[in-house]
Amino acid sequence: NMLESPDFTEVTTTADIRKQRHGNRAKCLQRLVRLGLPVPQTVALSFETVRNIANGQMPDLTSLLGVFEADPLLISVRSSSEAADWGGPGTILNIGMNDATHALLSERLGRERADKLYLRFIRSFAIEVMRLDDAPFLDAQTPAAAMAEYAAEMDDAFPQDPTVQLSEVLRSMARAWEGTSARLLRQAQGAPADAGLGLVVQRMALGLAPGQSGAGVIQFVSSVTGEPQVTGRYLGQALGREALESNAKALFLTKDPRGPSLEELLPEVYAELVAAGALMRRKLRAEMQAEFTIEEGRLAILDAVRVKRVARANLNIVTRLARDGIITRQEAMMRVEPQELSQLLHRQVDPAATITVLAKGIAAAPGAASGKIVFDAAAAQAALSRDEPCILVRRETSPEDVRGMHASDAILTERGGMTSHAAVIARGLGVPCVSGATGVKVDHDAKQIILPDGSTLHDGDILTVDGSSGRVLSGAAPMVEPALDGAFGELMTWADDLRDIGIRANADTPADAALARTFGVDGIGLCRTEHMFFEPGRLTVMREMIFAEDPGDRAAALERLLPMQRADFIELFTIMQGAPVCIRLLDPPLHEFLPSNKEGMRAMAEALDIPLSRVRAHIESLNEYNPMLGMRGVRLGVAIPEIYEMQARAIFEAAVEVGRNGTPVVPEIMIPLVSAQREVELVKRRVDALAASVRGESGTELDFRLGVMVETPRAALRAGEIAENSAFLSFGTNDLTQMTYGLSRDDAGRFMSAYVNEGVYPEDPFQTLDLDGVGELLLLGAERGRAARPDVVLSLCGEHGGHPESIAFCRRAGFDYVSCSPFRVPVAKLAAAQARI
Ligand code: PEP
Ligand code: MG
């Protein structure tokens, strides 16, 4: 035993320093005592002591109680886990009430109050400690009745000895912590399997006493906005948190037109509370919520915890603390979870709302939306034209659905994972998406969804998709609007000042680029040009190009695509105002541009004015067994070089044009899916030749960089020779993960949860970069690339680019930048800054 001060005593039963911890509540109370705040005498039991109690070894309670200087002595016991959100058994008040105390308090406080205290203790001892049925004890209206009930249930009289009472309370709390459900709950909050519980025994200040007595809860900022604002309640003749009960006739704390306040009733005590709040903020360096009691006009602070807050309030609170010089900017940045920022950018399901979860899937694109269920892209567009919010529900999505995805308010797919088509597109569009919904069956023909519980939803039913949590909710859930206030911009500036790795955005459209720009990106790290061909007017020309019978026809179609591409790039370069823009040449297999059903084929035959049979035959001829490993990426560039040539020309002409208007542009051109050095050589020769002719035609200087996407294991292994012809290497970790594992990114959703549950993979490698395997290829590729070409620019542009662990990894490996979807940019910036702290 160690006597800290008369007001705070720590009890440990071990010499092992690591086990001498007492938990966050004890630590906080100890600090409040040291600050000189009026905390009632407290004894803290260590994790080890409590673990021993659970195993039947009780510390010497007579000497424990001997520490307290009060007569009669009433005490409370509260839990003190390592982290506040790991939970812990509920507080037990009024321990020490027995017949003798009751008699004494009847004299001192009056019979009615003594009865109340005694009755409450018997009730909570019976219900919470001995776990008896609550109904009879709630019915009992006098201590005598409750004691009789207790004796009948327990075959034993209600314990009178305070050490026996305390011993039962401690035992029940220690055991509750070891229970299975408590364990699962805290593990879900990130607690380790051996997380400890401390207990805090405290002398009660009596809010049930004559004169001005009562109890309340106070905090000094709003939990919703984080702005300074005294909130809380106070209730006269009350204990604990009774003031917060909904039917309590509690007082406001500050003057309020709606009713009486503590400030008016007891101005001095109120001032003392406000001063305590300011002191705690300065010395504990946090916004605290305090539980207090007033006993005959005297203030006691029983407990203080960090104010519970939503993401927006947290941001405001920590930036204010930093601005006031209480914490450093770095510390402020460390107190924001990068993920919280992404919540701020989107509408969220109101955390306070009562909702019904119908299914869960992968949180594939953040934000939440409600709307009517539609089953295809056309219906989504029709809904948009009627201004009706809709949720596009598909088994999985394909490029044909993109316009429908654009038109919908949220997307739900039965299949797919974090990098499936639906997920990638939805993140790019900023449309909330849940993919791979477990146990959900989508029946397109019957236009219905079968839910995990067997019930069904139909066309037109209202649904909420919460892409931030992966939940599918019944009906239209209440929402909270996004809020980007000054604190957000301030934190981003601090992160920009500190971070030493670039953050670019994956942006395919002018809208994406403009959004990325508002988040202050360092450039575009990946522009997937294929998305530019899905615009309705263009798709037909693209199809003509694919269907061309001879080089002449193909050239004619490409000739028509050229000005469209050029216009796209002019827009992108203009928006980015000279910041780097990295454009990837066409990547997907050509069949993705072709219709997959009869209707589509018929429409195509009509549009191209050719027989349906020819359409079908051509589509069949493009059919591949393994399209993701087939004719795509640079293989298209080698086999049909005219496509890349058209794209390179469009890029160069756009650069020249924008450059003429005053913004010098140095475009970056990226070759996808490379696996051999020769592929790069072939493309490079043609691109160089095109640059030369555009230079000649325009009479302008034109600078550009050509680089390679490292997406195949072979490209990583041969990065040395590949780097000889590339100014940069950008690791596309989506394909690289797919190929390293031999795991289809579009099909893995079906067994991914089983694989993660069985511990085959620690996490879905498409969501969390596999540092051991894929990461090793990254390191190897980086090292070999750099050895061959010391100034080679290294980056990562797969979906992992927006994840804090991947960013820290890339930073350690000396990468120049990561690129992620625009909405992840703030998250990535903060994570990059944190990685440096
Ligand atoms: C990748 O493979 O990591 C990548 C960025 O390209 P895409 O997702 O378009 O295949
Ligand atoms: Mg790829």
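Domain bounds here come from an automatic or database domain assignment. I keep that in mind for what follows, and also that this is a predicted model.

**Entry 1: domains.** I started with how the chain is cut up. The assignment gives domain 1 as 2-98 + 159-203, domain 2 as 214-309, domain 3 as 348-480 and domain 4 as 499-532 + 563-589 + 628-836. Then I checked one spacing: the C-alpha centres of domain 1 and domain 3 lie 47 Å apart.

**Entry 2: the annotated stretch.** I looked up what UniProt has to say. An unreviewed entry there carries the annotation "domain: PEP-utilising enzyme C-terminal" for residues 486-835. In the model I find that span to be 55% helix and 10% strand. The C-alpha atoms at its two ends, residues 486 and 835, are 24 Å apart.

**Entry 3: around ligand 1.** Next I listed who surrounds ligand 1. The shell consists of Val424, Leu526, Arg528, Asp587, Glu711, Gly732, Thr733, Asn734, Asp735, Cys797 and Gly798. By character I get three nonpolar, four polar and four charged residues. Which elements supply at least two residues of the shell each? Strand E25 (524-528) and helix H29 (733-741) do. H29 gives the most, with three residues.

**Entry 4: a three-stranded sheet.** I moved on to strands E18, E19 and E20. They form an open sheet in the order E18-E19-E20, with antiparallel pairing. Why is one side of E18 and of E20 left without a neighbour in the sheet? Strand E18 (441-443) and strand E20 (456-458) stand at the edges and have a single partner strand each, so one side of each stays free of a sheet neighbour. Neighbouring strands in this sheet are turned by 20° against each other on average, direction ignored.

I then zoomed in on one pair. E18 and strand E19 (residues 448-450) run antiparallel and are joined by three bridges. Within that pair, Asp443 stands opposite Gln448 in E19. Reminder to self: strands of a sheet pair through backbone hydrogen bonds, either parallel or antiparallel.

**Entry 5: strand E2.** For a parallel case I went to strand E2 (residues 8-11). Four bridges join E2 to strand E3 (residues 42-45), and the two run parallel. Val11 stands opposite Leu45 in E3. I also checked which way the side chains go. Phe8 and Glu10 point one way from E2, while Thr9 and Val11 point the other way. Are these residues buried or exposed? All are buried, Glu10 included.

Conventions. Residues numbered from 1 in each chain as written. Chains lettered and ligands numbered in written order. Predicted model: local features only at pLDDT ≥ 70, side-chain atom pairs only at ≥ 80, totals over all residues. UniProt positions renumbered as here; feature names shortened; annotations may be inferred. Pairing = 2+ DSSP bridges. Axes fitted to C-alpha atoms, helices over the stretch in contact; angles between N-to-C directions. Near = placed C-beta within 6 Å. Nonpolar A, V, L, I, M, F, W, Y, C, P; charged D, E, K, R; others polar. Buried ≥ 20, exposed ≤ 12 C-beta atoms within 10 Å, placed from the backbone.
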